[in-house]
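Welcome! Please take a moment with the sequence and the fold below, and then we can walk through them together.

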Amino acid sequence: MKNKYCSSATAQRARLLTALRKGPVSTIKARHELDILAPAPRIYELRHLEGLKITTHWRTETTPEGFTHRVAEYVLHSQGGEL
């Protein structure tokens, strides 16, 4: 099956930001739903290149394959303060 997403860092940041504006995004969600295999570097770029306030929370989550992992969950905060 052909991937419907562009794999450039710019495109990944755009997808991630769109998702973050809708709510928290975990590492697993980023990988399985947004096709971003390494979300941490994209979060770093959004924080440091775009100046966005994004916090990281740690949680336990199960992959679609049934494996449990400790993963990051990222939360975007509004420009005027926390969401």
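Let us begin at K22, which lies in helix α1; helices here are DSSP runs of H or I with at least four residues, strands are runs of E with at least two, and both are numbered from the N terminus. K22 counts as exposed because its relative accessibility is 73%, where exposed means over 50% relative accessible area, buried under 20% and partly exposed in between, using a 1.4 Å probe and protein chains only. In sequence K22 and K4 are 18 residues apart, and their C-alpha atoms are 21 Å apart in space.

Before going on, a word about what you are looking at: this is a predicted model, in which local features need pLDDT of at least 70 and side-chain atom pairs count only at pLDDT 80 or more, while totals for chains, interfaces and linings use all residues. Residues are numbered from 1 along each chain as its sequence is written, and side-chain values use heavy atoms, with hydrogens and water left out.

Now for the sheet. Strands of a sheet pair through backbone hydrogen bonds, either parallel or antiparallel. In this model three strands form an open sheet in the order β1-β3-β2, with antiparallel pairing; two strands pair if DSSP finds at least two bridges between them. β1 and β2 stand at the edges with a single partner strand each, so one side of each has no neighbour in the sheet.

Look at β2 (residues 54–62) and β3 (residues 68–76): nine bridges join these antiparallel strands. Within this pair, E61 has H69 of β3 as its bridge partner. Five residues lie between the two strands of this hairpin, where G66 takes a positive phi near 95°. Strand β3 also holds L76, which counts as buried because its relative accessibility is 10%. L76 and A30 are 46 residues apart in sequence, and 14 Å separates them in space, C-alpha to C-alpha.

On the other side of the pairing, β1 and β3 are joined in the antiparallel sense over two bridges, and V25 stands opposite Y74 in β3. S26 belongs to strand β1 (residues 25–26). Is S26 buried or exposed? S26 is buried, because its relative accessible area is 5%. Leaving aside neighbours within four places in sequence, S26 is in contact with E61, V71, A72 and E73, contact meaning heavy atoms within 4.5 Å. The S26 side chain also reaches the backbone nitrogen of K29 at 3.0 Å.

Next come the helices. α1 lies across β1, β2 and β3 and runs at about 80° to β3, whereas α3 lies across β2 and β3, at about 165° to β2. Axes are lines fitted to C-alpha atoms, for helices over the stretch in contact, and angles run from 0 to 180 degrees between N-to-C directions.

How do the two helices meet? The axes of α1 (residues 9–22) and α3 come within 10 Å and cross at roughly 80°. That crossing makes α1 roughly perpendicular to α3, since angles of 65 to 115 degrees count as roughly perpendicular, under 35 as roughly parallel, over 145 as roughly antiparallel and the rest as oblique. The contact is made by A9, Q12, R13, L16, L17 and L20 of α1 together with P39, R42, I43, E45 and L46 of α3.

Finally, visit D35, in the loop between α2 (27–33) and α3 (39–48). Although D35 is not a glycine, it has a positive phi of about 55°. D35 is partly exposed because its relative accessible area is 25%.

How values were computed
Polar contact = N/O pair within 3.5 Å; in protein donor to acceptor, adjacent residues only side chain to side chain.
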